[in-house]
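Student: I would like to go through this model with you and ask, for each term you use, what justifies it.

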Amino acid sequence: TAKAQSIMAIKVATVGVAVVAIIAAIIMGPTAFLGGDVDISGSDNNLTVDGVAMPSQIKTSGTLQNFIGGGLRMKWGFKVYVVGIYSDPKVMTSLKKKYSGFEAKDSNLSDLATDFAKSKPARTVLLRFQRSVAASDISDALGEALKPKVGAASDEFQKFILDMVGSDRLEKGSDIYITCKGETLSASLTGGNDSSSIRIKGLCPAVFEVYLGDKAVSPQAKKGFAEGVATLMASE
């Protein structure tokens with residue numbers, strides 16, 4: 001009957017999609033398909049940070065962003081996660097006009113990092129977890145680092161992160177993408193739901209200052225960012 005044929009066609013189409021997804025996952029790796037609006041399918045998989053594979057490009061909030069630099073986040077002697085810093089190419093184009101000839105050890109790194117943090121085009125912090133951790137530990141640590149910069153609004157951000165994660169733990173291999181575009185901050189978890197977003201004045205610059213500011217929680221990530229900026233400026 002026509003109804004039976006229609007049902008069979010749907011089943012065949014569904015199987016076809018599943019097969020394509022499996023083949024793509026084999027070719028591109030398990031993180032080629034992520035939750036929310038994160039896309040790394042066009043990324044070069046040869047990039048590593050402290051021995052951990054990282055995407056060379058990502059697409060979040062509808063914007064393609066390039067890897068700049070990153071490094072390991074340590075806590076109490078344990079490897080917690082690897083940080084990757086990404087941005088819309090427009091950000092680097094703008095910075096190059098002001099900081100042409102920048103080198104990683106330049107004394108104006110602090111000014112450059114501040115300008116990067118305050119940029120309006122899309123920028124992303126990718127946290128790739130190297131161990132299983134309690135979601136509350138991560139949200140608390142981020143909130144504590146943000147409190148001197150945004151005050152009580154850090155409590156709202158902590159709740160936002162916990163709601164986005166949606167479980168008690170972040171397993172090893174999990175990714176959190178935190179993207180800022182203008183004043184809007186979006187966050188997405190590997191294999192999670194669509195990106196959640198929040199708008200708090202001053203929050204976006206503060207998030208990047210956590211990793212690139214004078215009291216960066218990951219000196220390795222800040223160093224990697226500086227080296228990446230210097231390399232990109234020298235090559236353009």
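**Strand pairing and helix packing**

Tutor: In this predicted model, isoleucine 178 stands opposite alanine 187 in E10. Alanine 187 also stands opposite serine 196, which belongs to E11.

Student: How do you know that strand E9 and E10 are paired?

Tutor: Pairing requires at least two bridges between two strands, and six bridges join E9 (residues 175-181) to E10, the two running antiparallel, so E9 and E10 count as a pair. They form a hairpin with two residues between them, and glycine 182 in the turn has a positive phi of about 65°. By that cut-off E10 is also paired with E11 (residues 196-199), because four bridges join these antiparallel strands.

Student: What makes strand E10 mostly covered?

Tutor: A residue is buried when its relative accessible area is under 20%, and five of the six residues in E10 (residues 184-189) are buried.

Student: Why is H4 called oblique to H6?

Tutor: Helix H4 (residues 135-150) and helix H6 (residues 203-212) pack at an angle of about 120°, with their axes 9 Å apart. Roughly perpendicular covers 65 to 115 degrees and roughly antiparallel begins over 145, so an angle of about 120° makes H4 oblique to H6. The crossing in which H4 passes H6 is right-handed.

Student: Which residues of H4 and H6 meet, and of what class are they?

Tutor: Leu142, Ala145, Leu146, Lys149 and Val150 in H4 meet residues of H6 including Leu203, Ala206 and Glu209. By class, this contact of H4 with H6 has nine nonpolar, two charged and no polar residues.

Conventions:
Residues numbered from 1 in each chain as written. Predicted model: local features only at pLDDT ≥ 70, side-chain atom pairs only at ≥ 80, totals over all residues. Heavy atoms only, no water. Axes fitted to C-alpha atoms, helices over the stretch in contact; angles between N-to-C directions. Parallel < 35°, antiparallel > 145°, perpendicular 65-115°, else oblique. Left-handed = near helix turned anticlockwise from the far one by under 90°. Contact = heavy atoms within 4.5 Å. Nonpolar A, V, L, I, M, F, W, Y, C, P; charged D, E, K, R; others polar. Buried < 20%, exposed > 50% of the residue type's maximum accessible area, 1.4 Å probe, protein only.
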